[in-house]
Amino acid sequence: LAGRVTSARVREVSYRNRSTGPALLRVEISVTLAIQPEARPSKNEPRDIGIASSLTDDLPTEGGVYGLTNQLQSRTYIGSSANIRRRVQRHFRDLIHGTHFNPHLQSDFASQSGRGFAASAVELVASVERLPEAEERAIRAALRRRQRLYNMTSDGQGRAGAAASMV
């Protein structure tokens, strides 16, 4: 929920206690908020994840390649999993708790308070054995398009793989 202050009132009441002598001051503050639910994007628009993992509900539970995109920085992390929705939810859980393995992605997520991040399925892959090659294909295609990536290797296999462009 999002809200905005529609009215505020401050009232000062001062009085003197005759038996003790010092003046006392009491301040009363009254604030009224208008609460409005946040607009949800349509199914065709990228989903702004922010800090609510429930927004991953539209992602498939099948295996495939996914992207986590920082829309404010135009930078993407490409990964693969046997269950895209569950894996993306784990990414956001780790990012929210400050424990994500990718320091550049973690830093940007923290500095933006999770705002401007979206998740999408890039390609569904029927066979779990084909996930690594599909992920590598997606990363290499993104690099050919000069897309800025958070991936630390060009084959998606972590530090053991070939170095990728971080720009």
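Two strands count as paired if DSSP finds at least two bridges between them. Keep that cut-off in hand for the exercises on this predicted model.

**Exercise 1. Find which strands pair with strand 4, and describe the link to strand 5.**

Solution.
- Step 1. Take strand 5. Strand 4 pairs with strand 5 in the antiparallel sense, over 7 bridges.
- Step 2. Check one bridge. Tyr66 has Gly79 of strand 5 as its bridge partner.
- Step 3. Look at the connection. Strands 4 and 5 form a hairpin, with 4 residues between them. Ser74 sits in the turn and has a positive phi of about 50°.
- Step 4. Take strand 6. Strand 4 also pairs with strand 6, again antiparallel and over 7 bridges. Here Gly67 stands opposite Ser120 of strand 6.
- Step 5. Ask how enclosed strand 4 is. Of its 7 residues, 6 are buried, so strand 4 is largely enclosed by the rest of the structure.

**Exercise 2. Decide whether Ser74 is buried or exposed, and place Ser74 in the fold.**

Solution.
- Step 1. Locate the residue. Ser74 lies in the loop between strand 4 and strand 5.
- Step 2. Apply the cut-off. Exposed means over 50% relative accessible area. Ser74 has 51% relative accessibility, so Ser74 counts as exposed.
- Step 3. Relate Ser74 to a distant part of the sequence. Gly116 is 42 residues away in sequence, and the two C-alpha atoms are 9.8 Å apart.

**Exercise 3. Work out which face of helix 3 is buried, and what covers it.**

Solution.
- Step 1. Set the frame. Helix 3 covers residues 131-144, 14 residues in total. From first C-alpha to last it reaches 20 Å, close to the 20 Å expected at 1.5 Å a residue.
- Step 2. List the buried positions. They are Leu131, Ala134, Glu135, Ala138, Ile139, Ala141 and Ala142.
- Step 3. Look down the axis. The buried residues of helix 3 fall within an arc of 160°, so they line one face of the helix.
- Step 4. Recall the geometry. An α-helix has 3.6 residues a turn, so residues three or four places apart point the same way.
- Step 5. Find the cover. Strands 4, 5, 6 and 7 are among the elements that cover the buried residues of helix 3.
- Step 6. Check the exit. Arg146 follows helix 3, and its phi is positive, near 60°.

**Exercise 4. Identify the nonpolar cores and the elements that supply the largest one.**

Solution.
- Step 1. Start with the largest core. It has 13 residues. Leu68, Val88, Phe92 and Leu105 have the most contacts inside it.
- Step 2. Trace the suppliers. Strand 4, helix 1, helix 2 and strand 6 each give at least two residues to this core.
- Step 3. Pick out the main supplier. Helix 1 gives the largest share, 4 residues.
- Step 4. Look for another core. A second, separate core has 9 residues, including Val65, Val125, Ala138 and Ala142.
- Step 5. Link back to Exercise 3. Ala138 and Ala142 are also among the buried residues of helix 3.

**Exercise 5. Set Asp94 beside Leu95 in helix 1: buried or exposed, and in contact with which residues?**

Solution.
- Step 1. Place both. Leu95 lies in helix 1, and Asp94 is found there too.
- Step 2. Apply the cut-off. Buried means under 20% relative accessible area. Leu95 is at 2%, so Leu95 counts as buried. Asp94 is at 18%, so Asp94 also counts as buried.
- Step 3. List contacts, leaving aside neighbours within four places in sequence. Leu95 touches His100, Leu105, Gln106 and Phe109. Asp94 touches Thr99, His100 and Gln106.
- Step 4. Add a distance. Leu95 and Ala110 are 15 residues apart along the chain, and their C-alpha atoms are separated by 7.7 Å.

**Exercise 6. Say where the model deserves caution.**

Solution.
- Step 1. Take the average. The protein chain averages a pLDDT of 77, and 61% of the residues score at least 70.
- Step 2. Rank the elements. Strand 5 has the highest mean pLDDT, 97, and strand 3 (residues 47-48) the lowest, 42.
- Step 3. Mark the weak stretches. The pLDDT is below 50 over residues 36-53. The pLDDT is also below 50 over residues 160-167.
- Step 4. Count their contacts beyond near neighbours in sequence. Residues 36-53 have 39 in the model, and residues 160-167 have 26.
- Step 5. Conclude. Where pLDDT is low, the predicted coordinates should not be read in detail.

Notes:
Residues are numbered from 1 along each chain as its sequence is written. This is a predicted model: local features need pLDDT of at least 70, side-chain atom pairs count only at pLDDT 80 or more; totals for chains, interfaces and linings use all residues. Side-chain values use heavy atoms; hydrogens and water are left out. pLDDT is the predictor's confidence in each residue, from 0 to 100. Contact means heavy atoms within 4.5 Å. The expected span of a helix is 1.5 Å times one less than its number of residues. Buried means under 20% relative accessible area, exposed over 50%, partly exposed in between (1.4 Å probe, protein chains only). The arc is that of the directions from the helix axis to the C-beta atoms. A nonpolar core is a set of buried Ala, Val, Leu, Ile, Met, Phe, Trp, Tyr and Cys residues joined through side-chain atoms within 4.5 Å.
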